[in-house]
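Student: I have a structure to read, and I would like to know how its labels are justified. Can we go through it?

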Amino acid sequence: MTSRVSIDWEAEADLVVIGGGVAGLTAARTASLRGLRVLTLSKGGPTDTSTQYAQGGIAVVAPHGDSVESHVHDTVEAGAGLCDVDAVRSIVEGGRAAVSALTGLGAVFDLGRDGQISRTREGGHSTRRIIHAGGDATGAEVQRALNEAGLPVLFGAAVGQIVTGRGGVQGVVAVSDQGFGVVHAPAVLLATGGLGQLYALSTNPPGATADGIALALWAGATVADLEFVQFHPTVLYTPGGVGRRPLISEAVRGEGARLVDTEGNSVTDGLHPRGDLAPRDVVSRAIAARMRALGTEHVYLDARSIDHFPQRFPTITASCLAAGIDPRTDLIPVAPAAHYQCGGVVTDTHGRTRVPGLYAAGEVARTGLHGANRLASNSLLEGLVVGERAGAAAAE
Ligand SMILES: Cc1cc2nc3c(=O)[nH]c(=O)nc-3n(C[C@H](O)[C@H](O)[C@H](O)COP(=O)(O)OP(=O)(O)OC[C@H]3O[C@@H](n4cnc5c(N)ncnc54)[C@H](O)[C@@H]3O)c2cc1C
């Protein structure tokens, strides 16, 4: 038996981008600049993206005391040796140009006293190379700059199918408040983000439901490394809290906060040379083990030694205060939560899948950058670098 749905609207484009976060909008902008008619569809609103919530920053090789090789080394170490080293090097090398393009669009990053872009350190990084904006509101600034780039985006349009034929991609089927629609296009770029909402506790917004993985599989693409889901070690714990939980960025530990258990003992002592700033999987496992051993639902982050906490971390301060915790005087209760999809749709570092005309970039894609565990702040980097290249590849 076959069932038919009537089509309420139709459109045509050279490239359909699915997703309005960092990867999708970067790709859409590049392809538009190269003359393509690009239509971006997003099932949420302009800020219903993981990009909007990114706090810590973007990992970019620093001009002094850093190198591409050092960033590559840290990435591969965090990825438990399962990264594709050539892909890592290629994406890391693209970092500075990608950030320049973003500042060219009007994104503003925090400056240090010397007037240069300020850099912090996060888990797994051997040096301070993370650039940030608005203290701990980097993603919001990236999203703002891209949202204001004037790209046509159809919000509230959820893609349910990528249409393929013998020659590859032919378009997409979507549903919006106008009903069922079809967009005819020879190229489609998946930038649908991650899958955190498949778990009870996550840092991800409600739309992070792995749509891109399903769409890609139905279209005949390959997926890999989906077993590697990164748990962020520190989300704000509140009794009975489920769904999206506020993140307490690793940059808080980068600025000197310490992880202690409910008896006041260090959680990571003797575990790893980088202690509380060990890679995320190491710290998350240590916290989970300590919670099990003590029969508690959280440990604590002691950030009381950080000067000017509210100025440096305004978003985190607001989340803590809303839960009745003042980070200047109180210990912050924290627990691990699902945070990042390390695997995804298999692509090269230009976002190409094995299906002609189908591209993927950002968290939905598996370029080989992350291996078993993403290095902190490497995902905005990947969204910018591969988003740009995928937009260019689609134009070619
Ligand atoms: C709390 C938090 C903090 C983070 N901090 C950092 C950080 O400091 N540094 C860093 O590098 N990374 C960080 N990350 C990770 C990073 O933000 C994300 O990996 C990245 O922003 C993902 O970008 P994206 O463009 O791939 O997807 P997203 O930004 O998630 O955008 C996905 C888009 O796809 C749309 N979509 C999904 N399914 C469909 C569908 N079926 N049809 C139509 N549209 C659809 C959504 O509406 C949305 O517009 C953080 C993530 C979170 C959640």
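Tutor: Start with valine 38, and keep in mind that this is a predicted model. Leaving aside neighbours within four places in sequence, valine 38 is in contact with Leu15, Val17, Ala28, Ala31, Ser32 and Pro152.

Student: What makes these residues contacts of valine 38?

Tutor: The cut-off is heavy atoms within 4.5 Å. Leu15, Val17, Ala28, Ala31, Ser32 and Pro152 are listed as in contact with valine 38, so each has a heavy atom within that distance of it.

Student: Which residues have the most contacts inside the largest nonpolar core?

Tutor: They are Leu15, Val38, Ile58, Val88, Leu102, Phe109 and Leu189, in a core of 45 residues. Strand E2 (15-18), helix H1, helix H3 (68-78), helix H4 (85-93), helix H5 (95-104), helix H6 (138-147) and helix H12 each supply at least two residues. The largest share, eight residues, comes from H12. A second, separate core has 31 residues, including Trp9, Ile162, Ala210 and Ala221. In soluble globular proteins, nonpolar side chains tend to be buried together.

Student: Why is threonine 51 called buried?

Tutor: Buried means under 20% relative accessible area. Threonine 51 has 9%, so it is buried. Threonine 51 is found in helix H2, and it touches Gly21, Val22, Gly139, Ala140, Val142, Gln143 and Leu380, not counting residues up to four places away in sequence.

Student: Which residues of H4 are buried, and what covers them?

Tutor: The buried residues of H4 are Ala87, Val88, Ser90, Ile91 and Val92. Their cover includes H3, H5 and H12.

Student: What makes the pair at the start of H4 a polar contact?

Tutor: A side-chain oxygen of aspartate 84 comes to within 3.1 Å of the backbone nitrogen of aspartate 86. The limit for such a pair of N or O atoms is 3.5 Å, so this pair qualifies on distance.

Student: How do you know that serine 42 makes a polar contact with the ligand?

Tutor: An N or O atom in the side chain of serine 42 is 3.1 Å from an oxygen atom of the ligand. Polar contacts are pairs within 3.5 Å, so this one counts. Glycine 44 passes too: a backbone N or O atom of glycine 44 lies 3.4 Å from a ligand oxygen. The protein buries 97% of the 1000 Å² that the ligand exposes when taken alone.

Student: How many residues surround the ligand?

Tutor: There are 38, and the closest are Thr51, Gly57, Glu363, Ser379 and Leu380. The shell divides into 13 nonpolar, 20 polar and five charged residues.

How values were computed. Residues numbered from 1 in each chain as written. Predicted model: local features only at pLDDT ≥ 70, side-chain atom pairs only at ≥ 80, totals over all residues. Heavy atoms only, no water. Near = heavy atom within 4 Å. Polar contact = N/O pair within 3.5 Å; in protein donor to acceptor, adjacent residues only side chain to side chain. Areas by Shrake-Rupley, 256 points an atom, 1.4 Å probe, with all protein chains shown as cover. Nonpolar A, V, L, I, M, F, W, Y, C, P; charged D, E, K, R; others polar. Core = buried A, V, L, I, M, F, W, Y, C linked by side-chain atoms within 4.5 Å. Buried < 20%, exposed > 50% of the residue type's maximum accessible area, 1.4 Å probe, protein only. Helix = DSSP H or I, 4+ residues; strand = E, 2+ residues; numbered from the N terminus.
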